[in-house]
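Here is a briefing on a ligand site and the pockets of one protein. Keep the model open while reading.

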Amino acid sequence: MRKTLVAANWKMHGTKAFAVELLEKLNSGLESGKCSAQVVICPPYPYLGVVADKMGQAELGAQNLSEQPSGAYTGEVSAEMLLDCGARYAIIGHSERRSLYGEGNELVAAKYAAAKAAGLIPILCVGESLEEREAGKTLQIVAEQIQAVIALGLPETWQNAVVAYEPVWAIGTGKTATPEQAQEVHQFIRQQLGEAGGATQILYGGSVKAANAEELFAKPDIDGALVGGASLKADEFTKICCAAN
Ligand code: PGA
C-alpha cells in the first residue's frame, strides 16, 4: 500500500518570517487534523535551515540540486549539502527548470543520479505542454522524460524515489487536469517504471487545491500531490494534506 505524499513547492516566495509563520500554522493544522499523509516542504535554499528547525511531522526537501558532487560550480548546491542541511527529498526537473533554465532530459537525469548517489529521494517531475497535449503527444513526451532516467541504468532506479506528473498547462494556471486525465497518465507512468513502479509514489501537480485534492487522490494511481500556489496558504495546504485521511 503506497502512502499518500503531499509536497509543498514554495518556489521563490516569502521571507524568513513568512516561512516560520507558515510552518507554525501548518504544524498545528496537521496535528489537529490528525493528518495521516506524508508531508514534504520544499522552501527556497536560504530557508532550508530555518524550516529544518521547525519541521514537526513534515519532512524537508529542496527545489533543485546540482548534478555535480562538489567543486568550482559557483551558485550551485550539491546533494550532500542538502542532506547536511536536513533535507531528505529534492525536486528534480520541475517544468520551470526545464523551460526557464534550459534543463533538458539528460541534465535532469544526471541530477536524478546525483540525488540517488547521495541518498536523497528525488521527486522527478515530468509532463507535457499544452501544445504537446493538443498534438496527441502527451504519453510520448512523458515516456521520453522517464526513459532518460532509465537509460542511466542506475541500481534500483525507482526505489526511494517519487515521480510527479505535472502537465505544464496546469501549473499556476488554475486549470487542473481532470482526475481521469491525470489517472490515465499516472497509470502509463507506472507501466514505464517497470516492476519496481508498483511501490513508487506518483504525485499529481498543477493547480491542486483543497477543492480538488480528494477526487484526485481517489484515483488508484494518484498517490498524492506536488503543490505550488496553494502550499503558501496554511489552511488550504493543510486541507489538501488532510484530504488523504
Ligand atoms: P501550482 O504549481 O500548484 O501553483 O500549479 C505546482 C508546481 O509547480 O509544482
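The points below cover the ligand, its polar contacts and the two pockets.

The model is predicted. Its ligand occupies the space of the second largest pocket. The protein covers 95% of the 280 Å² of accessible area that the ligand has on its own.

**Ligand shell**
- The ligand has 13 residues around it.
- Those that come nearest are K11, H94, E166, G172 and S207.
- By class, this shell holds four nonpolar, seven polar and two charged residues.

**Polar contacts to backbone**
- G172 places a polar backbone atom 2.7 Å from an oxygen atom of the ligand.
- For G228, a polar backbone atom is 2.8 Å from a ligand oxygen.
- G229 has a backbone N or O atom 2.8 Å from an oxygen atom of the ligand.
- Once these contacts are placed, the cover is worth recalling: of the ligand's own 280 Å² of accessible area, 95% is covered by the protein.

**Largest pocket**
- This pocket has a volume of about 450 Å³.
- Its lining counts 15 residues.
- Nearest the centre of the largest pocket are K11, M12, Q63, R97 and Y101.
- Helix α4, residues 95-100, gives the largest share of this lining, with three residues.
- The lining of the largest pocket divides into eight nonpolar, four polar and three charged residues.

**Second largest pocket**
- About 220 Å³ of space lies here.
- The second largest pocket is lined by 17 residues.
- Closest to its centre are G172, S207, V208, G228 and G229.
- By class, the lining of the second largest pocket has five nonpolar, nine polar and three charged residues.
- The ligand takes up the space of this pocket.

**Residues to follow across topics**
- K11 is listed among the residues that come nearest the ligand, and K11 is also one of those nearest the centre of the largest pocket.
- G172 has a polar backbone atom 2.7 Å from a ligand oxygen, and G172 is among the residues closest to the centre of the second largest pocket.
- S207 is one of the residues that come nearest the ligand, and S207 is also among those closest to the centre of the second largest pocket.

Note on methods. Residues numbered from 1 in each chain as written. Predicted model: local features only at pLDDT ≥ 70, side-chain atom pairs only at ≥ 80, totals over all residues. Heavy atoms only, no water. Near = heavy atom within 4 Å. Polar contact = N/O pair within 3.5 Å; in protein donor to acceptor, adjacent residues only side chain to side chain. Areas by Shrake-Rupley, 256 points an atom, 1.4 Å probe, with all protein chains shown as cover. 1 Å grid on protein atoms, 1.4 Å probe; cavity = no way out; pocket = protein on both sides within 12 Å on 5 of 7 lines; lining within 4 Å. Sits in = over half its atoms within 2 Å of the grid points. Nonpolar A, V, L, I, M, F, W, Y, C, P; charged D, E, K, R; others polar. Points joined across faces, edges and corners; volume = space filled by probe spheres on them. Helix = DSSP H or I, 4+ residues; strand = E, 2+ residues; numbered from the N terminus.
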